[in-house]
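Reader: I would like to walk through this model with you, starting from the overall fold and ending at single residues. Could you take my questions one by one?

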Amino acid sequence: MTEVKVAVLGGSGAGKSALAVRFLTRRFIGEYSSSAECIYSKHLCLDGRQIHLEIYDPCSQPQQGKLSLTDELHWADGFIIVYDISDRASFAFAKALLYRIRESHTGVWKKMAEPSIFLVGNKQDLCHMREVGWDEGQKLAIDNKCQFCELSAAEHYQEVVAMFTKVLRNITSNFKVKEKRRPSGSKSMAKLINNVFGKRRKSV
Ligand SMILES: Nc1nc2c(ncn2[C@@H]2O[C@H](COP(=O)(O)OP(=O)(O)OP(=O)(O)O)[C@@H](O)[C@H]2O)c(=O)[nH]1
């Protein structure tokens, strides 16, 4: 069983809960409690691999100036950063979140694989009230080496599933790269013992 942890982050009201709940239950409820943070969990099978997925959905994000994210950065294997295409302030907040994740990655996490990040422009059904262009979202994603899509948690169930599936594939393929790079404990111990005793045998 592979454990995968995804944090869904974004400005207040961008649709974090709506996206997580839509993926987990197929339903769009309309109103979600924003007073408490949640970790949802789900078992699923992806490409023949059993996955225990945890999705972190915080209550409203702190203001941009107080953005620390330390716990989330340590906890999550991947991030979904959500903004509302009809709310420019939420786009600015998504930008700040991306910079914060990138900044921590180039610092403490320098030697780790690229974090999996998906930038999502939510509420595409409100395109008549659009404040953020598709090309702006696309550019921000390219600049931050992450994937991008616009969708509507309210209207696009298949797109929501496709987006989560891409996130999970990306994370599990990063796991595979890490597994290849770092031999398992028992294998590396066997190699060490072999080296020591192998050398001794040669010197006798
Ligand atoms: N029209 C439309 N409304 C949406 C969509 N997704 C979410 N909403 C609405 O936007 C509001 C906020 O959605 P939430 O999912 O609670 O947003 P959140 O980011 O979790 O909000 P906080 O927990 O307060 O930070 C709710 O009224 C939702 O019904 C969407 O795709 N289209």
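**Fold, ligand and two helix residues**

Author: Gladly! From the N terminus on, the elements of the chain run β-α-β-β-α-β-α-β-α-β-α-α. Please keep in mind that this is a predicted model.

Reader: Thanks! How many helices and strands does the secondary structure of the chain come to?

Author: You can read the order of elements as β-α-β-β-α-β-α-β-α-β-α-α. Counted up, the secondary structure comes to six helices and six strands.

Reader: What share of the residues of the chain count as buried?

Author: Buried here means under 20% relative accessible area. The chain has 204 residues, and the share of them that counts as buried is 45%.

Reader: On to the ligand. Which helix gives the most to the shell around the ligand?

Author: The ligand is surrounded by 21 residues, and the closest are K16, S17, A18, G30 and D125. By class, this shell has seven nonpolar, 10 polar and four charged residues. The helix that gives the most to it spans residues 16-25 and supplies three residues: helix α1.

Reader: Which residue has a side-chain N or O atom 2.8 Å from a nitrogen atom of the ligand?

Author: Let's go through some polar pairs. A backbone N or O atom of G13 lies 3.0 Å from a ligand oxygen atom, and a polar side-chain atom of S17 is 2.9 Å from an oxygen atom of the ligand. The pair with a nitrogen atom of the ligand, at 2.8 Å, involves the side chain of D125.

Reader: How much of the area that the ligand exposes when taken alone does the protein bury?

Author: The space taken by the ligand is the largest pocket. Taken alone, the ligand exposes 650 Å², and the part of this that the protein buries is 85%.

Reader: Now a charged residue: is R100 buried or exposed?

Author: R100 has its place in helix α3, residues 88-106. Its side chain makes a polar contact with the side chain of E103 at 3.2 Å. The cut-off for buried is under 20% relative accessible area. R100 has 19% relative accessibility, so R100 counts as buried.

Reader: And how far apart in space are F93 and Y83, C-alpha to C-alpha?

Author: F93 also lies in helix α3. Because its relative accessible area is 7%, F93 is buried. In sequence F93 and Y83 are 10 residues apart, while their C-alpha to C-alpha distance in space is 7.8 Å.

Key
Residues are numbered from 1 along each chain as its sequence is written. This is a predicted model: local features need pLDDT of at least 70, side-chain atom pairs count only at pLDDT 80 or more; totals for chains, interfaces and linings use all residues. Side-chain values use heavy atoms; hydrogens and water are left out. A residue is near a molecule or strand if one of its heavy atoms lies within 4 Å of it. A polar contact is a pair of N or O atoms within 3.5 Å; within protein, one must be able to donate a hydrogen and the other to accept it, and residues adjacent in sequence count only if both atoms are side-chain atoms. Accessible areas come from the Shrake-Rupley method with a 1.4 Å probe; for residues, only the protein chains shown count as cover. On a 1 Å grid over the protein atoms alone, a cavity is a set of points where a 1.4 Å probe fits but cannot get out, and a pocket is an open set with protein on both sides within 12 Å along at least five of seven lines; lining residues have an atom within 4 Å of a point. A molecule sits in a cavity or pocket if more than half of its atoms lie within 2 Å of its grid points. Helices (H or I, at least four residues) and strands (E, at least two) are DSSP runs, numbered from the N terminus. Ala, Val, Leu, Ile, Met, Phe, Trp, Tyr, Cys and Pro count as nonpolar, Asp, Glu, Lys and Arg as charged, and the others, Gly among them, as polar. Buried means under 20% relative accessible area, exposed over 50%, partly exposed in between (1.4 Å probe, protein chains only).
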